[in-house]
Amino acid sequence: MNPKIVKSLSILTGVLLLAALAVSIFSDIADAGFLWIGFFFICSITFLGIPKLRGYAYAMMIFGSVTTALYFPQYFVEYDGFKFSALIVPLIQVIMFGMGTSMSIKDFLGVVKMPKGVLIGVLCQFTIMPFIGFALAKSSGFPPEIAAGMILIGCSPSGMASNVMSFLAKANLALSITVTSVTTLLAPFVTPFLMGWLAGEFVEINVVDMMFSIVKMVIIPIGGGLVFNYFLRGKAKWLDDLMPIISMAAIALILVIIVAAGRDSLLDIGPLLIILVVVHNLAGYTLGYWSSRLFKLDERDCRTIAIEVGMQNGGLASGIAKEMGKIATVGLAPAVFGPLMNVTGSILASYWHKKPIDE
């Protein structure tokens, strides 16, 4: 991007930020909406032209989308009797299909090639985050359904974002992809069991129904994506290039729908929920890394496990909340976790990218 354009956009971003702050303080909340929305989206565009900040562009776009839903929720709840929450499961299926198109049998061979790393990654994923989520839910004082959402995001598998961050962090990308693949395929069985065990005191959990819901959202579309990859990989390059963009757009739309549906609850408990979600996320990175160290994995594998544990599949968690019929409550923690983990993940990946590998 032309440096003059970047400079102009940066100045405009700063002006928008100051204006938004002033309007927020001295005027009605809705008046500041357009300025905050403009600030985040201009940040997103600006960051694309700055190599060191490019990794944060998508996070800024997500913040802009979420801000839009907070200020103008009426446009994202329903239209002419059609509730937009009905789009969440199909969007999750599109994302999982996209994940399937980027996978192959080679991704699962890592279980044989790196059994120790994969086993530790999977065990850390389904122990550290669920129990931290449970501890935070118990201590939060939130209404039961919102507290259950913190456990739900902890019980979810890792997602594709962790693979991107592992690559940027100079971690073991092959291990990252394998752990993501294995935890995602185990999710229909492990996630309902953990939810029934840990979240049962907060909200009623039908383990069998949840299992079939996850199969519908994960196994079937990923299977379709794998078939597509096997027969058509490279023969429909336009679709290969388009699927990541579609997946990112689908995640943004899911977050907008959830935030709009749960806006009132989010405004009531938002600051505390954000703090607890950040604690959950950072604890996942920390304990994932040091647990790997404890089992004597090398530095690259430790970085990989840390990112895999700390970054969850918020989209899948949102889909599960929708299938439970509690998108405006149980779905809030996943909606907050998603954007924030992209920011913290980008910062961590940037830090590790600059730090030499110390075996």
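Student: Where is Ile 45 found?

Tutor: Ile 45 sits in helix α2, residues 29-48. Helices here are DSSP runs of H or I with at least four residues, strands are runs of E with at least two, and both are numbered from the N terminus. This is a predicted model, where local features need pLDDT of at least 70, side-chain atom pairs count only at pLDDT 80 or more, and totals for chains, interfaces and linings use all residues. Residues are numbered from 1 along each chain as its sequence is written, and side-chain values use heavy atoms, with hydrogens and water left out.

Student: OK, and how does Ile 45 count in terms of accessibility?

Tutor: Ile 45 counts as partly exposed because its relative accessibility is 45%. Buried means under 20% relative accessible area, exposed means over 50%, and partly exposed is in between, using a 1.4 Å probe and protein chains only.

Student: How far apart are the C-alpha atoms of Ile 45 and Met 60?

Tutor: They are separated by 8.8 Å, with the two residues 15 apart along the chain.

Student: Switching to helix packing. At what angle do α6 and α10 pack?

Tutor: About 50°, with the axes of α6 (residues 115-125) and α10 (residues 173-198) 9 Å apart. The axes are lines fitted to C-alpha atoms, for helices over the stretch in contact, and angles run from 0 to 180 degrees between N-to-C directions. α6 and α10 are therefore oblique to each other. As for the classes, under 35 degrees is roughly parallel, over 145 roughly antiparallel, 65 to 115 roughly perpendicular, and the rest oblique.

Student: Is the crossing of α6 and α10 left-handed or right-handed?

Tutor: Right-handed. That is the case where the near helix is turned clockwise from the far one by less than a right angle; anticlockwise would be left-handed.

Student: Which residues meet there?

Tutor: From α6 you have Gly 117, Val 118, Gly 121, Val 122 and Gln 125, and they meet Leu 175, Thr 178, Val 179, Val 182, Thr 183 and Leu 186 of α10. Contact means heavy atoms within 4.5 Å. By class, the α6 contact with α10 has 6 nonpolar, 5 polar and no charged residues. Ala, Val, Leu, Ile, Met, Phe, Trp, Tyr, Cys and Pro count as nonpolar, Asp, Glu, Lys and Arg as charged, and the others, Gly among them, as polar.

Student: And how does α7 pack with α10?

Tutor: Helix α7 (residues 128-140) packs with α10 at about 25°, with their axes 11 Å apart. So α7 and α10 are roughly parallel, and their crossing is right-handed. Pro 130, Phe 131 and Phe 134 of α7 make the contact with Leu 194, Trp 197 and Leu 198 of α10. By class, that contact has 6 nonpolar, no polar and no charged residues.

Student: Which residues touch the most other members of the largest nonpolar core?

Tutor: Phe 142, Met 150, Ile 151, Met 195 and Leu 273, out of 102 residues in that core. A nonpolar core is a set of buried Ala, Val, Leu, Ile, Met, Phe, Trp, Tyr and Cys residues joined through side-chain atoms within 4.5 Å. Helix α16 (residues 332-354) gives the most to this core, with 10 residues.

Student: What is Phe 142 in contact with?

Tutor: Leaving aside neighbours within four places in sequence, Phe 142 contacts Ala 147, Met 150, Ile 269, Leu 272, Leu 273 and Leu 276.

Student: Last one: how many residues of α15 are buried?

Tutor: In α15 (residues 314-323), 8 of the 10 residues are buried. Just after α15, Gly 325 takes a positive phi of about 75°.
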